[in-house]
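Trainee: Could we go through this structure together, with the reasons behind each term spelled out as we meet it?
Mentor: Yes, and for each term we shall set the value beside the rule and then conclude.
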Amino acid sequence: MADTTTAKAQLGGDGSRTVAHGFQDADEVLPQYHIEAQTSLVDRPLRSLKFGEAFAVLDSFGDIGVQPGPEGLYFQDTRYLSRLHFTIEGQRPLMLSSVMQDDNGALSVDMTTPDIRLDGDDEITLPREIIAIERTKFLFRGACYDRIGLRSYDSRHRTLRIEVTFDADYRDLFEVRGTARTSRGKRAVQVASEHEVQFRYVGLDEIVRTTALHFGPKPKLLEPGRAVFEVTLAPEGRASLFVRVVCEAHRAFTSAPSVEKTGEDAAAALSLASGSTAVKPPKGLYEGMVFARAYRDARRDLRELTAGITTIISSNDQFNEAACRATADLYMLASRTPEGIYPFAGIPWYSTVFGRDGIITAMMALWIDPKFAKGVLRYLAVTQAKAVDPAADAQPGKVLHETRRGEMAMLGEVPFRHYYGTIDGTPLFVMLASEYYAVTGDRETITRIWPALELALAWMNDYGDRDGDGFVEYARDTDKGLENQGWKDSHDSIFHDDGHLAKGPIALCEVQGYVYAAKNGMAKLAAMLGHDAMAETLTLEADALRDAFDAAFWNEEIGTYALALDGEKRQCAVRSSNAGHALFTGIAKPERAAQVAATLLSKDGFNGWGVRTIARGEARYNPMSYHNGSIWPHDNAIIAMGLAHYDLKHEAARIFQGMFDTALYQDQKRLPELFCGFMRRRQRGPVSYPVACSPQAWAAAAPFAFLSACLGLELDHARNRVRLRNPILPAFLDGVSLYNVRLGESRVDLRFHRHGDDVTVSVMRRVGDAQVVVLK
């Protein structure tokens, strides 16, 4: 046991909190599912592709595994390809450019040959920049497609030796993240034909995972781990090489490859249709035609997915780029399920269904495309827990936290096969249903999921409220599960003002807000369905919760709501971003809103880029931590929406400005999962977090939430109104146009123009009878 000292936190004269000396908790060890960081995700440019359950993390050349790291082609939480390295005459080409296409549909890399000495000559026999190399990679239906195009600008014929080395380690994603294993399954590799190499892994879970690499044209030499081509280029000549990598999984006792399914639970039955198995091309079809057909179909699929969405054009070209990238990221992370599209959480660590992440992403993107909300609601209704299962932290009515398909999850080495250890997913599920209906009026969907909504409500009242005090608390039921089960789920993220970790059951500040909003929303849905008595009861319960919350969580000394209550109902009197969620849900009393905002946007809370998760000066504040001083774009978007709810629009615009400035410093102007909370300094950008996912779904949806918060945009299907409450625009936007804003069968195009602090609104086009109302 480590020695334990105590940190004394006190308020300074300026209201800031200072820590007298350091501390160390006896139980302060690396958390069980800690993501190791021997290599950083930001130490070199990485490129991400995704389609369905397959995703790829590539270096900027489009290669895999040239340096240690998370690069690979993954399928169902397993790395199916751990190396793919392209060389020409034994050397790596020279990079010219590496860009993701605007819609994330493919990676395009331009390269050229370096100075090359052939056959041991001392002199350069192939000068650099003679051969142009264009590489295109994309994913489609369980396969990765790779074209390497060559064009000569030489006056002589050239014969070049091109080599592709490859390997498949079948590491579970949790292994790649750093979790050690004592035993693994068996791997084999064979040359299946003159065009194909097959890797095969029989896991301990009795699932056979196969990786088939198809090459075209026929390599001069093909062996396990290596393909060698000899390419002759005439002056101005062209040639193309193709590599197609197909990922599949099936039960060991099954003869035909098909995605593994289990019959004992609903979640396993929801196999993701877009990532199940690769399309088999007609036998004998040239690989170039296979590539072309798949590329065409992938483009068509993306066009169908994004048809009819709301689009944004502003006066600021850089914001337009950021919004375009956010839209592309959101739809790249979208996966089709039998219940609709679901946004996977993020690449590389969280490319799977997460309940909380999907719900919040769908909320923020609701006015852009309600299909996300519909798919999330239906999927989570089907996978909702129906029985008590301590090993999965499950009770009847609880909404899924995450689902995994890798070997370690299937064997129970990690508890995340179908894991329910989230305290906030269930009330957020009900919140989303209410907001979705308010925007769409989709009574059919609400009726379909109504039993799940009722079960979720029952869970909040029974299992969620462990001690009957009216608050929803958590305590894990399995020692393999997450210690903390709010969105800040690090092992050390919930603590007292002296730095000691809180002991459960823990009632989080924001969760009570989610329950409050869920009960109010459920009351509206109940009234719509004719359950008047239920609606009245829920409204009274919500009002009582609001009063109890204010009495139990408000802390005048720190000027905001406490982070949490511990198992003894003692406040964790810590200034945190969680209080901003109390604004978002409306549980905060109106008289508290301005003070909460001031605390969030103080120098300790707001670093110039965004609001920190934990304010500077708190006992466990660390700007480089995952949850104790870092900055998360989605968290800031929720805070901005909360500020707008209390008409604190200028404060919301200040956060929007900081996040836009952050995007300008990011690769591809993409907001990451999180970044460090160091104070903003002149002529320097924000400090990156080393293992942040990028793209991340709720970070991708954040710009839409910021914009709607500042515009006060509300879509009210019941009144057939597009409402704009006291719209403002941040200083970096002189004007914004929204195209194809949907309300029922109506469509409107809106233009906003800033005049100082005022904003004018024009209706450029209206189809249907929806009203546009501006409220001041």
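Mentor: We begin with a rule: the expected span of a helix is 1.5 Å times one less than its number of residues. Please keep in mind throughout that this is a predicted model.

Trainee: What makes the reach of helix 3 close to the span expected at 1.5 Å a residue?
Mentor: Helix 3 runs over residues 287-306 and has 20 residues, for which 28 Å is expected, and the distance from its first C-alpha to its last is 29 Å, so the two values are close.

Trainee: Which residues of helix 3 are buried?
Mentor: Glu287, Gly288, Val290, Phe291, Ala294, Ala298, Asp301, Leu302 and Leu305 are buried in helix 3. Around the axis they cover an arc of only 155°, which means that they lie on the same side of helix 3. On the other side of this helix, Arg303 and Glu304 are exposed. After helix 3 comes Gly308, with a positive phi near 80°.

Trainee: Why is Ala544 called partly exposed?
Mentor: Buried requires under 20% relative accessible area and exposed requires over 50%. Ala544 has a relative accessible area of 45%, which is in between, and therefore it counts as partly exposed. Ala544 has its place in helix 11, residues 532-553, and its C-alpha atom is separated by 9.3 Å from that of Tyr516, 28 residues apart along the chain.

Trainee: Why does Ala573 count as buried?
Mentor: The relative accessibility of Ala573 is 11%, which is under 20%, so the residue counts as buried. Ala573 is found in the loop between strand 28 (571-572) and helix 12 (578-585), and the C-alpha atoms of Ala573 and Trp554, 19 residues apart along the chain, are separated by 9.1 Å.

Trainee: Which strands are the edge strands of the open sheet with the order 3-4-5-6?
Mentor: That open sheet has four strands with antiparallel pairing. Strand 3 (46-51) and strand 6 (78-81) are its edge strands, since each pairs on one side only. From one strand to the next, the twist averages 25°.

Trainee: How do you know that strand 5 and strand 6 pair?
Mentor: Pairing requires at least two bridges, and three bridges join strand 5 (residues 72-75) to strand 6, so these antiparallel strands meet the rule. Phe75 stands opposite Thr78 in strand 6.

Trainee: What makes strand 7 largely enclosed by the rest of the structure?
Mentor: Strand 7 covers residues 83-88, and five of its six residues are buried, so it is largely enclosed. Six bridges join strand 7 to strand 12 (residues 158-167), and the two run antiparallel; Ile88 stands opposite Ile162 in strand 12.

Trainee: How do the side chains alternate along strand 19?
Mentor: In strand 19 (residues 311-314), Ile312 and Ser314 point to one face and are buried, whereas Thr311 and Ile313 point to the other face and are not buried. Strand 19 is joined by four bridges to strand 31 (residues 735-743), with the two running antiparallel, and the bridge partner of Ser314 in strand 31 is Val736.

Trainee: How many aromatic pairs does the structure hold, and why is the pair of Tyr331 and Phe372 called tilted?
Mentor: The structure holds 35 aromatic pairs. The ring centres of Tyr331 and Phe372 are 5.1 Å apart, which is within 6.5 Å, so they pair, and their planes stand at 55°, which is neither under 30 nor over 60 degrees, so the pair is tilted. Tyr331 lies in helix 4 (residues 317-333) and Phe372 in helix 6 (residues 371-383), so the pair ties together parts that are 41 residues apart in sequence.

Trainee: What makes the pair of Tyr342 and Tyr379 edge-to-face?
Mentor: With 65° between the planes, which is over 60, and 5.3 Å centre to centre, the pair is therefore edge-to-face. Tyr342 lies in strand 21 (residues 340-343) and Tyr379 in helix 6, so this pair ties together parts that are 37 residues apart in sequence.

Trainee: How do you know that the charged end of Arg680 sits over the ring of Trp609?
Mentor: The distance must be within 6 Å of the ring centre, and the direction within 35 degrees of the ring normal. The charged end of Arg680 is 3.9 Å from the centre of the Trp609 ring, and it is listed as sitting over that ring.

Definitions and conventions. Residues numbered from 1 in each chain as written. Predicted model: local features only at pLDDT ≥ 70, side-chain atom pairs only at ≥ 80, totals over all residues. Heavy atoms only, no water. Buried < 20%, exposed > 50% of the residue type's maximum accessible area, 1.4 Å probe, protein only. Arc of directions from axis to C-beta. Axes fitted to C-alpha atoms, helices over the stretch in contact; angles between N-to-C directions. Phe/Tyr/Trp six-rings, centres within 6.5 Å; stacked < 30°, edge-to-face > 60°.
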